[in-house]
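Student: Please take one part of this model and walk me through it closely, saying how each term is defined as you go.

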Amino acid sequence: MLGERAAALAELNRALPPLQRLRAHPSVLGCQQELAALGAQLAVAEPAVPPLTGHELSVALLASQGLSNREIGAQLYLSRLTVDYYLRRLYARYGVARVAI
């Protein structure tokens with residue numbers, strides 16, 4: 001019985017990081033709490049995608065409003081080419097293959 005419990009805890013602990021990376025259903029949180037209550041060492045999931053920098057976030061927000069690279073640059077005091085650079089990095093990070101215009 002004790003061996004089964006340890007095996008079950010180990011299996012749940014292995015299953016959590018992929019679910020965390022996918023930002024799975026809130027039941028993942030309940031599973032984490034249950035494991036912690038049972039004294040399991042929880043694996044910490046690495047974020048699937050690194051967080052955005054301040055400039056990346058600003059550029060992404062303005063681009064989502066339909067502004068051109070030149071308009072975004074004017075608002076953020078960046079060159080059009082710098083805006084283009086940030087957008088290309090964002091597209092690559094999130095796997096965007098094509099942008100609808």
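Tutor: Let us start from Glu71, which lies in helix H4, where helices are DSSP runs of H or I with at least four residues, strands are runs of E with at least two, and both are numbered from the N terminus. The model is a predicted one, in which local features need pLDDT of at least 70 and side-chain atom pairs count only at pLDDT 80 or more, while totals for chains, interfaces and linings use all residues. Residues are numbered from 1 along each chain as its sequence is written, and side-chain values use heavy atoms, with hydrogens and water left out.

Glu71 has a relative accessibility of 43% and therefore counts as partly exposed; buried means under 20% relative accessible area, exposed means over 50%, and partly exposed is the range in between, with a 1.4 Å probe and protein chains only. Its C-alpha atom is separated by 9.6 Å from that of Val83, which is 12 residues away along the chain.

Val83 leads us to the packing of H4 with H5. The axes of H4 (residues 69-76) and H5 (residues 80-94) come within 8 Å and cross at roughly 105 degrees; these axes are lines fitted to C-alpha atoms, for helices over the stretch in contact, and the angles run from 0 to 180 degrees between N-to-C directions. H4 and H5 are therefore roughly perpendicular to each other, the word for angles of 65 to 115 degrees, whereas under 35 is roughly parallel, over 145 roughly antiparallel and the rest oblique. On the H4 side the contact (heavy atoms within 4.5 Å) is made by Asn69, Arg70, Ile72 and Gly73, and on the H5 side by Arg80, Val83, Asp84 and Leu87. These residues divide into 3 nonpolar, 2 polar and 3 charged, with Ala, Val, Leu, Ile, Met, Phe, Trp, Tyr, Cys and Pro counted as nonpolar, Asp, Glu, Lys and Arg as charged, and the others, Gly among them, as polar.

The loop between H4 and H5 holds Tyr77, which has a positive phi of about 60 degrees although it is not a glycine. With 78% relative accessibility, Tyr77 counts as exposed.

Helix H3 (residues 54-64) completes the picture, with Glu56, Val59 and Leu62 buried. These three cover an arc of only 140 degrees around the axis, which puts them on the same side of H3; the arc is that of the directions from the helix axis to the C-beta atoms. The buried residues of H3 pack against H4 and H5, whereas Gly54 and Ser64 are exposed on the other side of H3. Just after H3, Gly66 takes a positive phi of about 90 degrees.

H3 and H5 pack with their axes 10 Å apart and at an angle of about 90 degrees, and they are therefore roughly perpendicular to each other. In this packing His55, Glu56, Val59, Ala60 and Ala63 of H3 meet Val83, Tyr86, Leu87, Arg89, Leu90 and Arg93 of H5, a set that divides into 7 nonpolar, 1 polar and 3 charged.

Ala63, in helix H3, is partly exposed, with a relative accessible area of 28%. Not counting residues up to four places away in sequence, Ala63 touches Ile72 and Leu87. The C-alpha atoms of Ala63 and Val83 are separated by 9.6 Å, although the two residues are 20 apart along the chain.

As a setting for this part, the protein chain has 5 helices and 0 strands, and 19% of its 101 residues count as buried.
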